[in-house]
2 protein chains.
Amino acid sequence: MGEFELLARVKERLPQAGPPVRLGSGDDAAISVPGGATATSVDALIDGVHFRREWSSLPQIGAKALAVALSDLAAMGAEPGEAYVVLGVPPDLDEDGCIELLDGMTALAAETGTTLAGGDVTRAPALTLALTVVGHAADAEDFVTRSGAQPGDALVVTGELGGAAAGLLLLEGTGVKGGSSGARSSFVPHSDIKDERKRSLIAQQLEPRPRLGAGRALAAAGATAMIDLSDGLGGDARHLAAASGVGLRIDAAALPLAAGVAEVAAAAGRNPIELATSGGEDYELLAALPPDLLAAATAALQRDAEAALTRIGEVVAGEGVEIRLPGGETLEPTGFDQLG
Amino acid sequence: MGEFELLARVKERLPQAGPPVRLGSGDDAAISVPGGATATSVDALIDGVHFRREWSSLPQIGAKALAVALSDLAAMGAEPGEAYVVLGVPPDLDEDGCIELLDGMTALAAETGTTLAGGDVTRAPALTLALTVVGHAADAEDFVTRSGAQPGDALVVTGELGGAAAGLLLLEGTGVKGGSSGARSSFVPHSDIKDERKRSLIAQQLEPRPRLGAGRALAAAGATAMIDLSDGLGGDARHLAAASGVGLRIDAAALPLAAGVAEVAAAAGRNPIELATSGGEDYELLAALPPDLLAAATAALQRDAEAALTRIGEVVAGEGVEIRLPGGETLEPTGFDQLG
């Protein structure tokens with residue numbers, strides 16, 4: 001396989017670049033005329049660290065790499081714009097495999113209105129994807145950062161939590177009664193799994209979708225701070241609290257658990273609240289907003305993004321994150337640390 | 001080492017973000033207000049593919065990753081703006097090592113006026129750096145692409161060629177009479193090498209500098225097409241010829257060989273012209289421009305960028321690249337293919 005041959009095949013398959021891209025893949029750089037403010041984020045996914053090739057199809061891996069990157073733009077309330085891809089190709093992935101992977105990525109790009117505007121392909125010891133995504137807004141002030149939460153704000157979360165962590169337990173075989181050691185060693189398309197609920201949990205792990213519409217709706221509805229849940233609610237809440245200089249109180253009983261999380265947690269001998277707060281990778285959005293804007297925000301999310309919004313706590317003066325369990329105890333929030 | 005601890009240490013060491021960056025590292029995304037046109041390019045460097053840790057110091061690796069990315073902006077005639085870094089950390093690189101590497105990168109960022117505006121740190125099987133760089137111009141038309149060369153244009157190159165390839169031969173021990181097998185297995189700071197000329201060639205391999213000033217000067221002087229020499233003159237000339245729909249004739253006798261290339265080539269039993277045309281990694285600029293603009297362009301480069309400009313051939317109707325050797329024969333141009 002030649003680098004230039006692969007690039008030529010990739011370029012052929014890319015749809016026409018959308019505005020503001022004036023010149024896409026194939027020159028020394030892509031040319032764009034943003035015409036407003038941009039939000040830029042980078043994310044890397046590496047085989048054995050962020051995914052396992054035996055658990056995911058190649059299109060799933062390509063789509064997940066883009067989804068994870070776009071999730072950061074969702075957390076800014078940005079309109080997705082361009083994506084730039086670094087693909088590190090291991091010895092056992094051929095040109096057709098690369099194309100399959102990129103097809104998964106371009107499908108999600110089309111679904112979200114993202115232009116794949118450039119990239120670099122190289123050999124690598126393990127399949128490596130590094131994505132840079134650029135989102136847009138008319139003004140810099142339109143973006144929602146992590147740092148504007150005020151004491152008195154309501155703390156809300158989109159969608160449901162714990163699904164990705166439960167899906168991971170299922171893939172590892174530890175969330176399945178009787179075990180399933182085969183899942184470790186060979187790729188089983190999760191569409192072959194008979195149990196609809198398990199299939200859905202595994203899909204939440206392997207096929208996350210960025211909450212772009214919900215992020216824009218929350219920004220428009222007056223969110224004061226926002227972050228996406230990549231490391232787990234506990235850890236990401238700490239980031240938001242630290243950046244805003246506030247404390248957060250989270251009511252564990254209010255957390256919207258995904259269907260099946262309780263069963264998988266029970267089978268694995270784990271606490272479902274822990275899956276929801278420390279598991280990570282749900283790629284939902286955590287936001288703060290004044291309580292009087294909550295009803296309108298909930299309606300807007302339902303209407304514009306078909307996403308539920310759940311109030312899970314409040315912003316208080318002080319610092320740190322407290323997760324209150326139903327019994328009155330508190331849970332120490334931990335997050336997923338990629339180097340830990 | 002924790003991801004968040006490392007990120008905090010990195011953030012501490014970054015200088016204040018320059019305009020147009022409104023919000024740098026530490027949120028879900030960096031915020032920028034470009035105010036004109038942007039050129040964006042991505043480049044990945046992986047241990048064992050693009051560099052060897054036993055040959056380079058960590059600051060050299062960090063600086064080279066940024067230099068290689070910025071070289072693409074130089075080839076657009078862009079003003080460097082922001083850089084986004086993905087750092088994949090192997091098991092044997094500790095937090096201090098990461099900081100050392102990033103110090104090399106930030107030093108070059110400061111030297112070139114580039115803002116390190118964001119990044120992602122993750123575990124990886126081999127040291128991996130993926131850089132996205134964004135450059136600026138008032139209008140999209142101010143950038144010089146690969147595709148505007150016209151028959152009759154002069155073909156010019158900045159600086160000198162073959163130095164990086166000769167430096168690589170020296171590092172491999174094949175360019176040293178009597179051999180130096182030790183160079184393969186342990187890192188020898190090239191500043192310890194007694195021979196000044198060898199030291200300079202090795203520095204050209206390990207410490208390339210992007211031709212940003214020369215790129216801007218060539219754009220302002222009326223260059224019709226431009227590309228940076230990363231894959232080698234032969235291969236990069238083919239890219240420019242194909243993008244412009246023209247042919248290129250290169251006079252091998254006119255190529256400005258770096259000092260010492262001839263000696264190293266002789267010691268290694270290689271043709272110095274081949275090192276200059278197929279070796280790659282010189283990160284000089286190849287440009288086309290109307291012959292009547294050549295004198296002014298040469299003077300501008302000398303004045304603004306302290307870079308020599310050498311006419312090495314011409315743009316002709318047709319297609320393909322012909323490199324004419326002194327004896328009248330032609331050389332088949334080949335380039336370095338990272339997947340080949």
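Across which strands of chain A does helix α3 of chain A lie? In this predicted model, the views below take up that question and then move outward to the sheet, the domains, the two chains and one helix of chain B.

**View 1. Helix α3 of chain A lies across two strands, β4 and β5 of chain A.** The helix covers residues 95-112 of chain A, and with respect to β4(A) it runs at about 170°. Both of these strands also belong to an open sheet of six strands, whose order is β5(A)-β4(A)-β6(A)-β3(A)-β2(B)-β1(B).

**View 2. The open sheet takes strands from chain A and from chain B, and its pairing is mixed.** At its edges stand β5 (115-123) of chain A and β1 (21-23) of chain B, each of which has a single partner strand, so one side of each is left without a neighbour in the sheet. If direction is ignored, neighbouring strands of this sheet are turned against each other by 25° on average.

**View 3. Within the sheet, β3(A) pairs with strand β6 of chain A in the antiparallel sense.** Ten bridges connect β3(A) with β6(A), the latter being made of residues 128-137. A single pair can be picked out here, since Thr40(A) has Val134(A) in β6(A) as its bridge partner.

**View 4. Strand β2 of chain A is joined to strand β3 of chain B, and the two run antiparallel.** Three bridges link residues 30-32 of chain A, which form β2, to the β3 strand of chain B, which spans residues 37-46. For one position in this pairing, the reader can look for Ile31(A), which stands opposite Ala39(B) in β3(B).

**View 5. Chain A and chain B touch through 57 residues of chain A and 58 residues of chain B.** On the side of chain A that touches chain B, strand β3 (residues 37-46) of chain A gives the most, with nine residues. Sorted by class, that side of chain A has 31 nonpolar, 15 polar and eleven charged residues.

**View 6. A turn of 180°, with a shift of 0.0 Å along the axis, lays chain A on chain B with an RMSD of 0.0 Å.** This is the relation of a two-fold axis. The same surface serves both copies, as 100% of the contact residues of chain A recur in chain B.

**View 7. Chain A is divided into domain 1 (3-142) and domain 2 (154-331).** The C-alpha centres of these two domains of chain A lie 25 Å apart, and their contact takes 21 residues from domain 1 of chain A and 23 residues from domain 2 of chain A. On the side of domain 1 of chain A that touches domain 2 of chain A, α2 (58-74) and β4 (79-89) of chain A each supply at least two residues, and the largest share, ten residues, comes from α2(A). The residues of that side of domain 1 of chain A divide into ten nonpolar, six polar and five charged.

**View 8. Helix α7 of chain B is mostly covered, with seven of its nine residues buried.** The helix runs over residues 212-220 of chain B, and its buried residues include Leu212(B), Arg216(B) and Leu218(B). After α7(B) comes Gly222(B), whose phi is positive, near 100°.

How values were computed: Residues are numbered from 1 along each chain as its sequence is written. Chains are lettered from A and ligands numbered from 1 in the order in which they are written. This is a predicted model: local features need pLDDT of at least 70, side-chain atom pairs count only at pLDDT 80 or more; totals for chains, interfaces and linings use all residues. Two residues are in contact if their C-beta atoms, placed from the backbone, lie within 7 Å. Helices (H or I, at least four residues) and strands (E, at least two) are DSSP runs, numbered from the N terminus. Ala, Val, Leu, Ile, Met, Phe, Trp, Tyr, Cys and Pro count as nonpolar, Asp, Glu, Lys and Arg as charged, and the others, Gly among them, as polar. Two strands pair if DSSP finds at least two bridges between them. Domain bounds come from an automatic or database domain assignment. Copies are superposed by least squares on the C-alpha atoms of residues with pLDDT of at least 70 in both. Axes are lines fitted to C-alpha atoms, for helices over the stretch in contact, and angles run from 0 to 180 degrees between N-to-C directions. A residue is buried if 20 or more other C-beta atoms lie within 10 Å of its own, exposed if 12 or fewer, and partly exposed in between; C-beta atoms are placed from the backbone.
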